[in-house]
Every structure is written in C-alpha cells, then in structure tokens.
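Me: I'm new to reading protein structures and I'd like a close look at one part of this one. Could you pick a strand from the middle of things and walk me through it, along with its surroundings?

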Amino acid sequence: MLHHNLEIHRRENEGIVILDLHGKLVMGKSDIALRDFVQSLFEACNRQLVFNLAGISEIDTSGMEALLFFSEQYSNAGGKLVLFNIAHSHGKVYEMARLETAIEIYRDELDAINSFFPDRKVIRYDILEYVEEHAPHEDKTHKT
C-alpha cells in the first residue's frame, strides 16, 4: 500500500504482524499514514508488531517520534513492538535519539520474531556497537 513517500506492506510470521516499510518516514503524509495504519491494527486488538526498516531511505524526528509513540502505546496495552533491519546510514540517528533504550531492536527477522517467544534465545541489537563498527576510522598516526 503506497502512502505518498512511504510504502507499507503487511504480512505475518508465526502470528506476529510485520510491516515492511519502504521510502521516507518523515513529517507529513507518510508519518500520518503510518500512524493511521498502526492505529487500525491496534484497534483490531493487534498487540504484537514488528517493523522492518530495511527499506527506509530517510527518517526524521517526526518518524522517530512515531516509532516511540507506537512502542509506548503497545507496551501500555500489554503488547510489544520491535524493530529490525536498521539501515547503516541511519545508525547514528537512532543512537542520538536513544531509540534502543525505548524499543527492542534486532538485526534480522528471525531474532525479532523469536523475541515474542520467551522460550527462544535471541540476541538484542546493540546500536552503539553497530555505529562504532560502521564509523569511518581516524588515522591517529597522521599529523597535520
């Protein structure tokens, strides 16, 4: 389903709703469309939701606020919302927003789905480690 600059594709894996997002999650019609879409799921008593962010090309503070709002909404209702597949280019933004302190983040779909089942072992995504791995390295021996 295309909502201006954001495509939202819904699917399920082991009874967990997954939203594959493609495009821009920015202030305006795309973040409003996502809020409406998620609200309709929530009103239909969905309390387990996963966002696949691999296709997000741009995210701003409005998009971040939407993710935080959804996470809080689901948590307050006894549910759970998790993210996976954060794009390399957005790692710093997620770190600065301290998103990992409010929302569980996983590297891949399998870990995200397994996080809903207490008897399954999962490895949480460490955003700080991710950013450090992909940051350009400084040459400390080079003098200017």
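Reply: Here is a walk around strand S3 and its surroundings, starting with the whole chain and ending at a nearby pair of helices.

One thing up front: this is a predicted model. The chain has 144 residues, and 45% of them count as buried. Its secondary structure comes to five helices and six strands. If you read along the sequence, you get the pattern β-β-β-α-β-α-β-α-β-α-α. The chain also brings far-off parts of its sequence together: of the contacts between residues at least 6 apart in sequence, 65% join residues at least 24 apart.

Now for S3 itself. Eight of its 10 residues are buried, so the strand is largely enclosed by the rest of the structure.

Who are its partners? On one hand there's S2 (residues 6–13), which pairs with S3 (residues 16–25) in the antiparallel sense over eight bridges. The two strands form a hairpin with two residues between them, and Glu14 there takes a positive phi near 55°. Right by that turn, Asn13 stands opposite Ile16 in S3. On the other hand there's S4 (residues 48–59), which is joined to S3 by eight bridges and runs parallel to it. To see one facing pair, find Ile18, which stands opposite Val50 in S4.

Let's zoom in on one residue. Lys24 lies in S3. Buried means under 20% relative accessible area, and Lys24 has 34%, so Lys24 is partly exposed. Leave out the neighbours within four places in sequence, and Lys24 is in contact with Asn5, Leu6, Ser30, Ser57 and Glu58. Lys24 also shows how folding joins up the sequence: Ile56 is 32 residues away along the chain, yet their C-alpha atoms are 5.7 Å apart in space.

One of those contacts, Ser30, takes us on to helix H1, where Ser30 is among the buried residues. H1 covers residues 29–43, which makes 15 residues; at 1.5 Å a residue they should span 21 Å, and the end C-alpha atoms are indeed 21 Å apart, so the two agree. The full set of buried residues in H1 is Ser30, Asp31, Ala33, Leu34, Phe37, Val38, Leu41 and Phe42. Look at the spacing in that list with this in mind: an α-helix has 3.6 residues a turn, so residues three or four places apart point the same way. After the helix comes Cys45, with a positive phi near 70°.

H1 has a helix for company too. Its axis and that of H2 (residues 61–76) come within 10 Å and cross at roughly 10°. Angles under 35 degrees count as roughly parallel, so that is how H1 and H2 lie to each other. On the H1 side, the contact is made by Asp31, Leu34, Arg35, Val38, Gln39, Leu41 and Phe42, and H2 brings Ser62, Glu65, Ala66, Phe69, Phe70, Gln73 and Tyr74. Sorted by type, the residues of this contact are eight nonpolar, three polar and three charged.

Key: Residues are numbered from 1 along each chain as its sequence is written. This is a predicted model: local features need pLDDT of at least 70, side-chain atom pairs count only at pLDDT 80 or more; totals for chains, interfaces and linings use all residues. Side-chain values use heavy atoms; hydrogens and water are left out. Helices (H or I, at least four residues) and strands (E, at least two) are DSSP runs, numbered from the N terminus. The expected span of a helix is 1.5 Å times one less than its number of residues. Buried means under 20% relative accessible area, exposed over 50%, partly exposed in between (1.4 Å probe, protein chains only). Two strands pair if DSSP finds at least two bridges between them. Axes are lines fitted to C-alpha atoms, for helices over the stretch in contact, and angles run from 0 to 180 degrees between N-to-C directions. Angles under 35 degrees count as roughly parallel, over 145 as roughly antiparallel, 65 to 115 as roughly perpendicular and the rest as oblique. Contact means heavy atoms within 4.5 Å. Ala, Val, Leu, Ile, Met, Phe, Trp, Tyr, Cys and Pro count as nonpolar, Asp, Glu, Lys and Arg as charged, and the others, Gly among them, as polar.
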